[in-house]
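Grab a pencil and work through a few short exercises on the model shown here. Try each task before you read its solution.

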Amino acid sequence: MGYRKMGLVYDDLIPEENALVQEALRRLPPREFQDRTFRFRTAFALDVTQTELPKEYHVTAETDKPYLRPILAQVEREIATKQYFDNMTEIPAALAKRNRSS
């Protein structure tokens, strides 16, 4: 049985065990997090009863929009930027020029 027939969207399939994903989930708007939880509970109930949603409630390719991947990409960019600045050994010329204290 496909995940869309159970009411799940592709981003629901991203494993939560990763620290990056945990941070992205923490940043989700409350309504989106509630919708995610509802989809999981519905899918679990369907799995237990070995049924699927009626055809009109299946997720289609048009309605399967990413909600977690954009936030996850933002978290990854922020961590990469932080690591870049943490590993700097000298101030780049462009930043030094902006610094008026030296």
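Before we start, a word on helix names: helices are DSSP runs of H or I with at least four residues, numbered from the N terminus. By that count, Ile71 is found in helix α3. Keep in mind that this is a predicted model.

**Exercise 1. Work out which side of helix α1 faces inward.**

Task: list the buried residues of α1, and find what covers them.

Solution.
- Step 1. Helix α1 runs over residues 19-27, and its buried residues are Val21, Ala24 and Leu25.
- Step 2. These residues cover an arc of only 100° around the axis, so they sit on the same side of α1.
- Step 3. The spacing rule fits in here: an α-helix has 3.6 residues a turn, so residues three or four places apart point the same way.
- Step 4. Now flip to the other side of α1, where Ala19 and Arg26 are exposed.
- Step 5. As for the cover, α2 (30-49) and α3 (69-86) are among what lies over the buried residues of α1.
- Step 6. Finish at the N-terminal end of α1, which is capped by Asn18: one of its side-chain oxygens lies 2.9 Å from the backbone nitrogen of Leu20.

**Exercise 2. Follow one residue of α3 to its partners.**

Task: is Ile71 buried or exposed, and which residues does Ile71 contact beyond its neighbours within four places in sequence?

Solution.
- Step 1. The relative accessible area of Ile71 is 14%. Buried means under 20%, so Ile71 counts as buried.
- Step 2. With neighbours within four places in sequence set aside, Ile71 is in contact with Ala24, Arg27 and Leu28.
- Step 3. One of those partners, Ala24, already turned up among the buried residues of α1.
- Step 4. Take Leu28 next: Leu28 and Ile71 are 43 residues apart in sequence, yet their C-alpha atoms are 7.8 Å apart in space.

**Exercise 3. Describe the largest pocket and place Thr42 in it.**

Task: give the volume of the largest pocket, sort its lining by class, and say what Thr42 touches.

Solution.
- Step 1. The volume comes to about 150 Å³.
- Step 2. The lining is made up of Met6, Gly7, Arg31, Asp35, Phe38, Arg39, Thr42, Leu53 and Tyr57.
- Step 3. Sorted by class, that gives four nonpolar, two polar and three charged residues.
- Step 4. Zoom in on Thr42, which is found in helix α2. A polar atom of the Thr42 side chain lies 2.8 Å from the backbone oxygen of Phe38, and Phe38 is also one of the lining residues.
- Step 5. Not counting residues up to four places away in sequence, Thr42 touches Met6 and Leu53. Met6 and Leu53 are both in the pocket lining too.

**Exercise 4. Compare what surrounds Asp12 and Glu32.**

Task: find where each of these two acidic side chains sits, and which residues each one touches.

Solution.
- Step 1. Asp12 belongs to the segment before α1, whereas Glu32 lies in helix α2.
- Step 2. Asp12 has a relative accessible area of 4%, so Asp12 is buried. Glu32 is at 23%, so Glu32 counts as partly exposed.
- Step 3. Setting aside residues up to four places away in sequence, Asp12 touches Arg36, Arg39, Phe40 and Tyr67. On the same terms, Glu32 touches Arg39 and Tyr67.
- Step 4. Look at Tyr67 again: its side chain is joined to that of Asp12 by a polar contact of 2.4 Å.
- Step 5. For a longer reach, the C-alpha atoms of Glu32 and Thr63 are 14 Å apart, with their positions 31 residues apart along the chain.

**Exercise 5. Check an unusual backbone angle.**

Task: what is phi of Gln50 near, and where is Gln50 found?

Solution.
- Step 1. Start from the rule: most residues other than glycine have a negative phi.
- Step 2. Gln50 has a phi near 55°, which is positive although the residue is not glycine.
- Step 3. Gln50 is found in the loop between α2 and α3.
- Step 4. At 62% relative accessibility, Gln50 counts as exposed.

Conventions:
Residues numbered from 1 in each chain as written. Predicted model: local features only at pLDDT ≥ 70, side-chain atom pairs only at ≥ 80, totals over all residues. Heavy atoms only, no water. Buried < 20%, exposed > 50% of the residue type's maximum accessible area, 1.4 Å probe, protein only. Helix = DSSP H or I, 4+ residues; strand = E, 2+ residues; numbered from the N terminus. Arc of directions from axis to C-beta. Contact = heavy atoms within 4.5 Å. Polar contact = N/O pair within 3.5 Å; in protein donor to acceptor, adjacent residues only side chain to side chain. 1 Å grid on protein atoms, 1.4 Å probe; cavity = no way out; pocket = protein on both sides within 12 Å on 5 of 7 lines; lining within 4 Å. Points joined across faces, edges and corners; volume = space filled by probe spheres on them. Nonpolar A, V, L, I, M, F, W, Y, C, P; charged D, E, K, R; others polar.
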